[in-house]
Amino acid sequence: MATEHINGNGPEEPMDTSAAVTHSEHFQTLLEAGLPQKVAEKLDEIYIAGLVSHCDLDDRAIEALKEFNEDGAVQVLLQFKDSDLSHVQNKSAFLCGVMKTYRHREKQGTKVSETIKGPDEAKIKALLERTGYTLDVTTGQRKYGGPPPESTPSGAQPTIGTEIFVGKIPRDLFEDELVPLFEKAGPIRDLRLMMDPYSGLNRGYAFVTFCTKEAAQQAVKLCNNSEIRPGKHIGVCISVANNRLFVGSIPKSKTKEQIVEEFAKVTEGLNDVILYHQPDDKKKNRGFCFLEYEDHKTAAQARRRLMSGKVKVWGNVVTVEWADPIEDPDPEVMAKVKVLFVRNLASTVTEEILEKAFSQFGKLERVKKLKDYAFIHFEERDGAVKVWAE
């Protein structure tokens, strides 16, 4: 039969090329999952190349891939294959990110750009070997971090004031240049460089978390407006994850308890309500309040919900804005403060009464009362500290 076919004497049959094609043990699973033959073969090539294993991809990624037409899915897999996956820990999420990027470009009518020059992998590798930290790359960010240094208590979580925001970063700059600069301020817990998945460059900003507040403050002093490259100056400031909302148009007759009850019905994660009363009528509030949530994420969700116009509180649409974040005062400034703020004073309390009450702690410069609050000025800081302690 074979001889006849070769000589052309027998009926022509399609050539069986299956012996020349090598598939992994998971190829059949990909077909059974519903992937077209061409797409399954392309993904199987990636498996065989050792770039990713079948267990790295979850059902979500496979299902998302099935939503593309055959050519689109193949193009997505080609981009995925050409990506640097050496520092990608969650390859399934990364593939989903590549799909999202492809859809965006398709919608915008733009072609996939040429591969942008990424970081110097030799320098990145040297950095990771020196510090013992890891690098996790996703389509949206590059996270450099590790276990915190040995000097940090095991399992200790970063506190407010330990994170800085870094802006005006050159778009083609990476961890090998950023980490050495910020290490000068103190031990780094992690660094998150925000990436633009559509260009392959960074977005021009990053967040660095230190192990202590002091290191973060030192980083601001050392690095703000520093020249990271010729003619390129970065901006550095303490980062505050805002979890507080300002809400206006509150009925002035409502109490704190009523406000807590009402907003807890329409938002999640509400921790506290900060309410201010009118100086001349303690039964009435000032028509606004601050809502404090568990974290920035729940506050952002509450803000979107309240601003949608679909949610009404006591039958009215309220005005919502982010509250100005409360920044920690500079320790050097605080060390010189000699003035105390006293609030919730009754109308019968006079400056003379305040002077008599506070002068027992130290010599006073002056006392000034305004409505239901007052400022107590001491000559020496020790007097103010004694009052605070009492």
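The following exchange covers some salt bridges and one sheet of a predicted model.

Author: The model is predicted, so local features need pLDDT of at least 70 and side-chain atom pairs count only at pLDDT 80 or more, while totals for chains, interfaces and linings use all residues. Residues are numbered from 1 along each chain as its sequence is written, and side-chain values use heavy atoms, with hydrogens and water left out.

Reader: What makes Arg192 and Glu163 a salt bridge?

Author: A salt bridge is a side-chain nitrogen of Lys or Arg within 4 Å of a carboxyl oxygen of Asp or Glu. For Arg192 and Glu163 the N to O distance is 2.6 Å, so the pair meets the definition. Arg192 is in strand β4 and Glu163 in strand β3, 29 residues apart. Strands (E, at least two residues) and helices (H or I, at least four) are DSSP runs, numbered from the N terminus. The structure holds 13 salt bridges.

Reader: Why is Arg192 called partly exposed?

Author: Buried means under 20% relative accessible area and exposed over 50%, with partly exposed in between (1.4 Å probe, protein chains only). Arg192 has 21%, so the residue counts as partly exposed.

Reader: How do you know that Asp172 forms a salt bridge with Arg229?

Author: Their closest N and O atoms are 2.7 Å apart, so the pair is within the cut-off. Asp172 lies in the loop between β3 and α8, and Arg229 in strand β6, so the salt bridge ties together parts that are 57 residues apart in sequence. Asp172, at 42% relative accessible area, is partly exposed, and Arg229, at 22%, is also partly exposed. Asp172, Glu177 and Arg229 are linked in a network of salt bridges.

Reader: Asp372 and Lys282 also meet in a salt bridge; why is Asp372 called buried?

Author: Asp372 has a relative accessible area of 8%, so the value falls under the limit for buried. Lys282, at 41%, is partly exposed.

Reader: What makes β14 and β15 a pair of strands?

Author: Two strands pair if DSSP finds at least two bridges between them. Six bridges join β14 to β15, so the condition is met. The two strands run antiparallel, and Val367 has Ile376 in β15 as its bridge partner.

Reader: Why are β13 and β14 said to stand at the edges?

Author: The open sheet has three strands in the order β13-β15-β14. β13 and β14 each have a single partner strand, so one side of each is left without a neighbour in the sheet.
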